[in-house]
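This report describes selected local features of one protein model. The sequence and the structure are shown first, and the description follows.

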Amino acid sequence: RTDYELIGFYTQNFGDFGVNVQAGGNSFTLKNQSESANTNQGLSVPGLYAISNSKANPSIGNGRAEQQINSVFASGDLEWRKMASITFAIRNDWNSTLPASQGSLLYPSAGASFVFSELMGSKPDWFNFAKVFGSWGKKPAALNIYQSNFTYGVNQFLWGTNFLMSTPDAYPDPNLKGALITTIEAGLDFRFLRNRLGLNIVYFNEKADKIPVGVAISGVSGFTSTNVNASVIQREGIEVVLNGKAVSTKDWNLDLSTTFSYLIKNPVKEIVEGTPQILLEGGAFGTRFARAFQVKGEDWGQLIGGGIKRNAAGQPIVDPTSGAYLNDVNKKWGSIVPKINGGFLANLSYKQFDLGFAIDYQFGGKFFSLSEMWGHYSGLFAATAARNDKGVNVRTDVADGGGVRVVGVSSVDEKTVVDMYVPAQEYFHNFYNAQVAEPYVHDLSYLKLRELSFGYRIPVQNFGKVKNYIQ
């Protein structure tokens, strides 16, 4: 037990070494107790046990953030003869992340349902239940902590003996405020064949209104971007759930369930005036390769850039000196959001045995794999040690028949045919150097076996007095 606190300690594997730590007038030693022939494997200079001599230095940080939300909430429901019901809720937040003049967000919601099968007199045996339902509601898209604060993200550090502070490059718009997302849903719920078959269909329409976005501005101002309420995105689609008990006997049971959703459209209705597209936050290497944008009039999340530049005939354009493909910075790959999602679930049981499996699928959408690019760049993937069309390993010198074959047209006139072999390392490095993402852009479509399970339920009810203690 000590009276000091070690904050934010992070370390990687440095090998076997000892570290002396001093804090609050106390000291202790961290010592790797294992002894081996590889004692110095984590040190740059063998025998010098110092953090600064480790091959991978630890990083130590100390950050803090403070946020407060005060809320008032109310909800209620009304029901009539178990046939019709209405529910509602309303909430108001006062969030410290919002500007003082815009510090309040009010978001109500309401829903209703009506079981119209209760109005039917004598129903046929195959028809058991029918309900129509709908809802409307708002949910907040509040600002990130300190996003509206000019001092957001102040960094303090020492440069030599000087104490320095830095402020962020993003300037908050004085009128910046939180936004609301409005959602409307409506659907039908049916049950048939003595409730052994169920069907649920839902239509949804969601509008994100005036969502805060970052916009680039001239660096002459002292800032490179600003946050403004600008983006309007509307999402519309359907969801279907079908489930049933296909088999139900004394010993056998088979339950099936499937889900399906289709995104009808997901357009960006508005963004910043005079700006046709803005870069989405986050993403791998935000200023390189293929990136995701909000583009006015297009579905949200358009993947743009990083293509192989081609001439009018569709032939790749190649630098005849290096063999590198030229970058098409305006290449449009489509939305990063899949259009179709769904799955299938089955569970078969026989007496005490259970067998189940789940299948997932989705279709549509694009993604750029940065990890795949690095895998080829660093020579870790199989393609970097494959055989070329001559049957020679691509890592072999070009003069000895190795290298990767590149075919295209010259970047000089976009007509002259280029047919050359490029050293493997240079070939795979060229994609990074020229910011060409095309070999690493893929469809997000897949069909996969998500889960397979087998079980046996132990019949403890047959174990005499044991059943009194184990269920």
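## Helix H1 and its surroundings

The buried residues of helix H1 pack against strand E24 (366–368), H2 and strand E27 (441–443). The model is a predicted one. Within H1, the buried positions are Leu370, Glu372, Met373, Gly375 and His376. Beyond its neighbours within four places in sequence, Met373 is in contact with Phe289, Phe368, Tyr432 and Tyr440.

After H1 comes Gly379, which has a positive phi near 75°.

## Helix H2

Helix H2 spans residues 424–433, and seven of its ten residues are buried, so the helix is largely enclosed by the rest of the structure. These buried residues are Ala424, Tyr427, Phe428, His429, Asn430, Phe431 and Tyr432. The elements that cover them include helix H1 (370–377), strand E25 (404–410) and strand E26 (417–422).

A positive phi of about 60° is found at Gln435, just after H2. As a rule, most residues other than glycine have a negative phi.

## Nonpolar cores

The largest nonpolar core has 25 residues, of which Tyr325, Phe368, Met373, Val406 and Tyr427 touch the most other members. At least two residues of this core come from each of H1, E25, E26 and H2. H2 supplies the largest share, five residues. Apart from this core lies another, of 14 residues, with Ile181, Val213, Val228 and Ala230 among them.

In soluble globular proteins, nonpolar side chains tend to be buried together. Met373 of H1, buried in that helix, and Tyr427 of H2, buried likewise, are both among the core residues that touch the most other members.

## The cavity

The structure holds one cavity of 30 Å³ or more. The volume of the largest cavity is about 50 Å³. Its lining consists of Gly323, Ala324, Tyr325, Tyr427, Asn430, Phe431, Ala434 and Val436. Among these lining residues, Tyr427, Asn430 and Phe431 also belong to the buried residues of H2. Tyr325 and Tyr427, which line the cavity, are also among the residues with the most contacts to other members of the largest core.

## A three-stranded sheet

Strands E19, E25 and E26 form an open sheet of three strands in the order E19-E25-E26, with mixed pairing. At its edges are strand E19 (317–318) and E26, each pairing on one side only.

E25 and E26 run antiparallel and are joined by six bridges. One of the residues involved is Val409, whose bridge partner in E26 is Val417. Both E25 and E26 are also among the elements that cover the buried residues of H2.

## Strands E22 and E23

Ile340 lies in strand E22 (residues 340–350). With a relative accessible area of 22%, Ile340 is partly exposed. Its C-alpha atom is separated by 5.3 Å from that of Gln362, although the two residues are 22 apart along the chain. Outside its neighbours within four places in sequence, Ile340 is in contact with Phe260, Ser261, Tyr262, Tyr361, Gln362 and Phe363.

Asp354 is found in strand E23 (residues 353–363). Asp354 has a relative accessibility of 19% and therefore counts as buried, the limit being under 20%. A polar contact of 2.8 Å links the side chain of Asp354 to the side chain of Arg457. Setting aside its neighbours within four places in sequence, Asp354 is in contact with Asn347, Leu348, Ser349, Ser453, Phe454, Gly455 and Arg457.

## The loop between E10 and E11

Leu193 is located in the loop between strand E10 (179–192) and strand E11 (197–216). Although Leu193 is not a glycine, its phi is positive, at about 50°. Leu193 is partly exposed, its relative accessible area being 46%.

Asn195 is placed in the loop between E10 and E11 as well. Asn195, also not a glycine, has a positive phi of about 65°.

Definitions and conventions: Residues numbered from 1 in each chain as written. Predicted model: local features only at pLDDT ≥ 70, side-chain atom pairs only at ≥ 80, totals over all residues. Heavy atoms only, no water. Helix = DSSP H or I, 4+ residues; strand = E, 2+ residues; numbered from the N terminus. Buried < 20%, exposed > 50% of the residue type's maximum accessible area, 1.4 Å probe, protein only. Polar contact = N/O pair within 3.5 Å; in protein donor to acceptor, adjacent residues only side chain to side chain. Contact = heavy atoms within 4.5 Å. Core = buried A, V, L, I, M, F, W, Y, C linked by side-chain atoms within 4.5 Å. Pairing = 2+ DSSP bridges. 1 Å grid on protein atoms, 1.4 Å probe; cavity = no way out; pocket = protein on both sides within 12 Å on 5 of 7 lines; lining within 4 Å. Points joined across faces, edges and corners; volume = space filled by probe spheres on them.
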